[in-house]
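Biologist: I have a structure here and some terms that I would like to understand. Could you take me through them?

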Amino acid sequence: MNFNEVCRAAGMPVRARLALAALLLAVTGAATAAPISVSIVGPAAPVAAGSTFTLDLRVAGLGPQVPLSGYDFSLRFDDALVSWQSTTFSTALGASPADYADGPSTTPFVAAGGRYLNFVAVSGLFDDELLARQPDAGFSLLTLVFRAGSVAGDANFGFALLGPNGAVTPGFLGAFGETGPDVLEASLGTARVSIAAPVAVPE
């Protein structure tokens, strides 16, 4: 029985499970060390005003025996330049709603003078099932679609440890295996997408 199943049997809510994992990290300092990374992969060329573009959030560096079981983090974006359209979650943590103990979900919110998207997903699958879905070389967590506005500029994207209510939270990548919960220490990337000036239409 893995940690997810123990928590389910004990009736422990998923949010409490995530908090427990982060608390254990804070108390014991136990974490899988970097080079685990979460990167934001976007278009290299400027994006035309009014068009849509995608950002791929990817995880790398977990290694062959460390499955990712859950995550809870937020992404900040420039809402003056772009607007969020949709989120597509990969099958790295599950292919159907029945595979998840919580989520996957996207929650937009405003805090600290900026606009954010909070992502939560906690898998209910066994470690071997997760490892089969998560290639050692890295994999996509989710893909975001944004629409560029009519104002030219550089739209910046970055991760933040904020929850949907604007409070600071222990946002994390988590592993819940046979030995209990572990918060995976990771470097969090940033991205910049250039929005081209609208093309003037001759009179």
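The talk below covers cavities and a pair of strands.

Modeller: Gladly! This is a predicted model, where local features need pLDDT of at least 70, side-chain atom pairs count only at pLDDT 80 or more, and totals for chains, interfaces and linings use all residues. Residues are numbered from 1 along each chain as its sequence is written, and side-chain values use heavy atoms, with hydrogens and water left out.

Biologist: What makes a space count as a cavity?

Modeller: On a 1 Å grid over the protein atoms alone, a cavity is a set of points where a 1.4 Å probe fits but cannot get out. Two cavities of 30 Å³ or more are counted by this rule.

Biologist: How do you know which residues line the largest cavity?

Modeller: A lining residue has an atom within 4 Å of a point. Those lining the largest cavity include Val59, Leu62, Asp136 and Phe139.

Biologist: Why is Asp136 called charged there, and what are the others?

Modeller: Asp, Glu, Lys and Arg count as charged, so Asp136 belongs to that class. Ala, Val, Leu, Ile, Met, Phe, Trp, Tyr, Cys and Pro are nonpolar, and the others, Gly among them, are polar. The lining has seven nonpolar, four polar and one charged.

Biologist: Why are strand 6 and strand 7 called paired?

Modeller: Strands (DSSP runs of E, at least two residues, numbered from the N terminus) pair if DSSP finds at least two bridges between them. Nine bridges join strand 6 (residues 100-111) to strand 7 (residues 114-123), so the two strands pair. They run antiparallel, and Asp102 in strand 6 stands opposite Val122 in strand 7.

How values were computed:
On a 1 Å grid over the protein atoms alone, a cavity is a set of points where a 1.4 Å probe fits but cannot get out, and a pocket is an open set with protein on both sides within 12 Å along at least five of seven lines; lining residues have an atom within 4 Å of a point. Grid points are joined across faces, edges and corners, and a volume is the space filled by probe spheres set on the points. Helices (H or I, at least four residues) and strands (E, at least two) are DSSP runs, numbered from the N terminus.
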